[in-house]
Amino acid sequence: MGQDNISQVTEFILLGLSDTQELQLLFFTLFLLAYAMVLLGNLLIIVTVRTDPKLSSPMYFLLCNLSFIDICYTSVTIPRVLVALLSGHKAIAFEGCMAQLFFLHFVGSSEMFLLTVMAFDRYTAICRPLHYTAIMARGACWALVAACWVGGFTHSIVQTVLILQLPFCGPNTIHSYFCDVPPVVRLACADTTLTEWLMASNSGLISLGCFLVLVASYALILAKLRAHLSQGHWKALSTCASHVMAVTLLFMPCIFTYLRPAGTLLTSRYVCVVYTIFSPMMNPLIYTLRSREMKESMWRLWKR
């Protein structure tokens with residue numbers, strides 16, 4: 001069949017998490033509460049860090065940027081899901097789907113890079129304390145954050161361009177609640193083997209590479225702390241453990257989803273909930289409740 005005879009898909013249908021009316025109401029409530037927690041928790045962190053001069057260390061500067069990224073990340077998917085659950089309108093225009101996919105990977109990969117930078121910050125503070133101020137100077141922090149955003153943009157634009165080269169002429173039903181690379185690629189009317197491997201080597205290797213760097217940095221921190229188990233080092237060890245839990249919630253589902261060709265295995269739509277909703281919701285709790293300085297600053301802000 002010639003290319004001229006192929007009708008271009010103009011919209012996709014997002015099936016969501018369930019077709020049952022009662023479950024849709026339950027999911028709407030859970031998604032709304034999760035989004036409210038993400039917004040309130042991360043906005044509180046941003047305001048606290050920006051208004052308290054005592055929180056001027058690189059760690060809190062990076063945490064403030066992580067909170068901003070989490071707000072952007074969840075805002076790419078959750079508002080659209082809430083509208084669909086409330087109205088029952090599951091269609092999304094082709095252009096809107098591509099835009100959602102682009103911004104999802106742009107912000108998501110930027111968060112992965114930023115978490116890697118935060119692990120490097122903790123490694124430098126614990127393992128090289130005498131050089132910490134020089135290594136993590138304010139200018140270096142801004143450069144690292146800018147590099148995270150540039151890396152995220154580069155990754156996302158490559159993903160989007162690869163998908164835009166594919167023809168979509170047949171099925172337009174996406175078995176998920178948002179547009180993502182694996183379910184969209186499966187709908188292409190062409191042999192996507194090469195494209196799938198290119199995308200797996202892009203998204204999958206970025207997820208795996210950042211995760212391995214994170215694990216290595218925390219392993220070095222653990223080796224450093226093992227010989228000095230004072231009260232302060234126990235606190236640092238406990239903080240690192242909570243950070244490892246946070247990054248595992250984000251990276252393991254992403255590695256499972258992206259480090260393979262899109263057509264080899266259907267990704268459960270419930271796995272996506274972990275890294276698009278649950279992980280950003282937990283980040284404010286994990287990264288602030290372990291910090292006495294942050295809790296004290298929040299209390300002072302509340303009293304003002």
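In this predicted model, the side chains of Arg300 and Asp52 come together in a salt bridge, with N and O 2.7 Å apart. Arg300 sits in helix H10 (residues 292–303) and Asp52 in the loop between helix H1 (21–51) and helix H2 (58–87), so the pair ties together parts that lie 248 residues apart in sequence. The two partners do not share the same degree of cover: Arg300 counts as partly exposed because its relative accessibility is 27%, whereas Asp52, at 10%, counts as buried.

How many salt bridges turn up in a search of the whole structure? The count is 2. Besides the Arg300–Asp52 pair, there is one between Arg122 and Asp121, where the closest N and O atoms are 3.0 Å apart. Here Arg122 is buried, with a relative accessible area of 16%, and Asp121 is buried too, with a relative accessible area of 1%.

Stepping back to the overall fold, the chain has 10 helices and 3 strands. Read from the N terminus, the elements go β-α-α-β-α-α-α-β-α-α-α-α-α. Of the 304 residues, 49% count as buried. The accessible surface of the chain adds up to about 14800 Å², and carbon and sulfur atoms account for 70% of that. Looking at contacts between residues at least 6 apart in sequence, 81% join residues at least 24 apart.

The UniProt record, an unreviewed entry, lists residues 25–47, 59–78, 98–120, 141–164, 204–225, 237–259 and 265–289 under "transmembrane region". Two of these spans can be checked against the model. Residues 98–120 are 100% helix and 0% strand, with 33 Å between the end C-alpha atoms. Residues 204–225 are likewise 100% helix and 0% strand, and their end C-alpha atoms lie 32 Å apart.

What about the nonpolar interior? The largest nonpolar core has 64 residues, and Phe251 and Tyr287 are the ones with the most contacts inside it. Elements giving two or more residues to this core are H1, H2, helix H3 (94–127), H5, helix H7 (193–226), helix H8 (231–258), helix H9 (269–288) and H10. H2 supplies the largest share, 13 residues. Apart from this core lies another one, of 19 residues, with Val9, Phe94, Phe168 and Cys179 among them. Back in the 64-residue core, Tyr287 gives a feel for the packing: leaving aside neighbours within four places in sequence, Tyr287 is in contact with Leu63, Leu66, Leu115, Met118, His243, Ala246 and Val247.

Two further residues show how individual helices meet their surroundings. Ile46 is in helix H1 and counts as buried, at 18% relative accessibility. Not counting residues up to four places away in sequence, Ile46 touches Cys64, Ser67, Phe68 and Ile71. The C-alpha atoms of Ile46 and Tyr60 are 9.3 Å apart, with the two positions 14 residues apart along the chain. Thr116, in helix H3, is also buried, with a relative accessible area of 16%. With residues up to four places away set aside, the contacts of Thr116 are Cys210, Val213 and Leu214. The C-alpha atoms of Thr116 and Ser217 are separated by 8.9 Å, although the two residues are 101 apart along the chain.

Which residues make up a nonpolar patch on the surface? Phe153, Ile157, Val158 and Val161 do, and together they have about 300 Å² of accessible area. Val158 belongs to helix H5 (residues 138–164). With 37% relative accessibility, Val158 counts as partly exposed, because that class runs between the 20% limit for buried and the 50% limit for exposed. In soluble globular proteins, nonpolar side chains tend to be buried together. The patch formed by Phe153, Ile157, Val158 and Val161, by contrast, is on the surface, and UniProt lists residues 141–164 as one of the spans under "transmembrane region".

Key: Residues are numbered from 1 along each chain as its sequence is written. This is a predicted model: local features need pLDDT of at least 70, side-chain atom pairs count only at pLDDT 80 or more; totals for chains, interfaces and linings use all residues. Side-chain values use heavy atoms; hydrogens and water are left out. Patches are made of residues with over 30% relative accessible area and no salt bridge: like charges are joined within 9 Å, nonpolar side chains (Val, Leu, Ile, Met, Phe, Trp, Tyr) within 5 Å. Accessible areas come from the Shrake-Rupley method with a 1.4 Å probe; for residues, only the protein chains shown count as cover. A salt bridge is a side-chain nitrogen of Lys or Arg within 4 Å of a carboxyl oxygen of Asp or Glu. Helices (H or I, at least four residues) and strands (E, at least two) are DSSP runs, numbered from the N terminus. Buried means under 20% relative accessible area, exposed over 50%, partly exposed in between (1.4 Å probe, protein chains only). UniProt positions are given in the numbering used here, feature names are shortened, and annotations may be inferred rather than shown by experiment. A nonpolar core is a set of buried Ala, Val, Leu, Ile, Met, Phe, Trp, Tyr and Cys residues joined through side-chain atoms within 4.5 Å. Contact means heavy atoms within 4.5 Å.
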